[in-house]
Every structure is written in C-alpha cells, then in structure tokens.
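Visitor: Please pick one part of this model and take me through it closely. I would like to see how that part sits among its neighbours, with the general frame of the chain set out around it.

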Amino acid sequence: MSEWSPIAAVNDCPPGSIVERIVAGRVVALANVDGVWHAIDGLCPHQGGPIGRGRLCGSVVTCPWHGWQFDVASGRHGLSPTVRQECFPVRE
C-alpha cells in the first residue's frame with residue numbers, strides 16, 4: 001500500500017470504535033482512539049479472525065474469534081512480544 005486510499009468517512013468510525021475495511025485487496029482494521037487514527041493488519045495471526053470486528057477498549061482491540069489482543073497504536077500482542085500486527089500510516 002504505497003499510495004493513499006480513502007477507506008472511511010470520519011463518521012464511519014467515531015472515537016472508541018474500530019471498523020474493518022479492504023484496502024488494495026488487504027483487510028485492514030481502522031481504529032479511532034480518542035480522535036487519533038490507527039490502522040493495523042485486519043487478520044489475526046492466530047487463525048485469521050477479523051480484528052476490525054472486535055471490541056476496542058482504549059487502544060487495545062480484542063479479536064472476536066479467540067480473544068487475542070493487540071495494541072492498535074503499535075500492533076503489539078498483549079502477551080507475546082514476538083507477535084505483532086503490521087501497522088499502516090493514517091491521515092485524515
């Protein structure tokens with residue numbers, strides 16, 4: 001994803017929410033943490049769960065399939081420092 005692609009209107013993802021979008025054929029989870037936008041790889045590395053359909057609490061999203069948690073700002077897994085989701089730049 002080397003070029004900017006519009007993926008959502010501001011109203012599509014109000015503060016405290018996360019949405020799933022497809023960008024250049026890739027699933028992306030777009031989160032709004034208190035007005036700060038974050039985008040991470042939307043497929044959970046555990047079994048491909050839809051991270052963008054999970055629950056966002058602060059900056060931590062929980063995958064709805066098996067409960068894996070990731071910080072949307074850094075992509076880091078909540079328990080394992082070796083597991084990390086790819087993060088993408090976002091601009092409004």
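**A close look at strand 3**

Guide: Read from the N terminus, the elements of the chain follow the order β-β-β-β-β-β-β. That amounts to 7 strands and 0 helices. The model is predicted, and every value below is computed from it. The part chosen here is strand 3, which covers residues 36-41.

Start with its surroundings. Of the 6 residues in strand 3, 5 are buried, so the strand is largely enclosed by the rest of the structure. For comparison with the chain as a whole, 37% of the 92 residues count as buried.

On one side the partner is strand 2, residues 26-33, which runs antiparallel to strand 3 and is joined to it by 6 bridges. Within this pairing, W37 of strand 3 has N32 opposite it. The two strands form a hairpin, with 2 residues between them. One residue of that turn, D34, has a positive phi of about 50 degrees.

Strand 3 has another partner in strand 7, residues 87-88; this pairing is also antiparallel and has 2 bridges. Here I40 is the bridge partner of C87. In a regular strand, side chains point alternately to the two faces of the sheet.

I40 deserves a longer stop. Beyond its neighbours within four places in sequence, I40 has contacts with V27, V28 and A29, with I51, V61, F70 and V72, and with Q85, E86, C87 and F88. I40 also belongs to the largest nonpolar core, a set of 12 residues that includes A29, I51, V61, F70 and V72 as well. The other members are I18, A31, V33, C44, L56 and C63. Strand 2 gives this core its largest share, 3 residues. Another core, of 8 residues, lies apart from it; among its members are V19, V28, A39 and F88.

The next residue to examine is D41, also in strand 3. Is D41 buried or exposed? Its relative accessibility is 16%, and the cut-off for buried is under 20%, so D41 counts as buried. Residues up to four places away in sequence aside, D41 touches R26, V27, A29, I51, Q85, E86 and F88.

Another aspartate, D12, makes a useful contrast. D12 is located in the segment before strand 1, residues 17-23. Its relative accessibility is 39%, which is why D12 counts as partly exposed. With neighbours within four places in sequence left out, D12 has contacts with V19 and R21. D12 and G35 are 23 residues apart along the chain, and their C-alpha atoms are separated by 13 Å.

Finally, the frame around strand 3. The chain has a radius of gyration of 12 Å, which agrees with the value near 12 Å for a compact globule of 92 residues. Along the principal axes, its C-alpha atoms fill a box of roughly 30 × 25 × 20 Å. Among contacts with a separation of 6 or more, 32% join residues 24 or more positions apart. The chain exposes about 5,400 Å², of which carbon and sulfur atoms supply 51%.

Notes:
Residues numbered from 1 in each chain as written. Predicted model: local features only at pLDDT ≥ 70, side-chain atom pairs only at ≥ 80, totals over all residues. Heavy atoms only, no water. Helix = DSSP H or I, 4+ residues; strand = E, 2+ residues; numbered from the N terminus. Buried < 20%, exposed > 50% of the residue type's maximum accessible area, 1.4 Å probe, protein only. Contact = heavy atoms within 4.5 Å. Pairing = 2+ DSSP bridges. Core = buried A, V, L, I, M, F, W, Y, C linked by side-chain atoms within 4.5 Å. Rg over C-alpha atoms; globule rule 2.2 N^0.38 Å. Areas by Shrake-Rupley, 256 points an atom, 1.4 Å probe, with all protein chains shown as cover.
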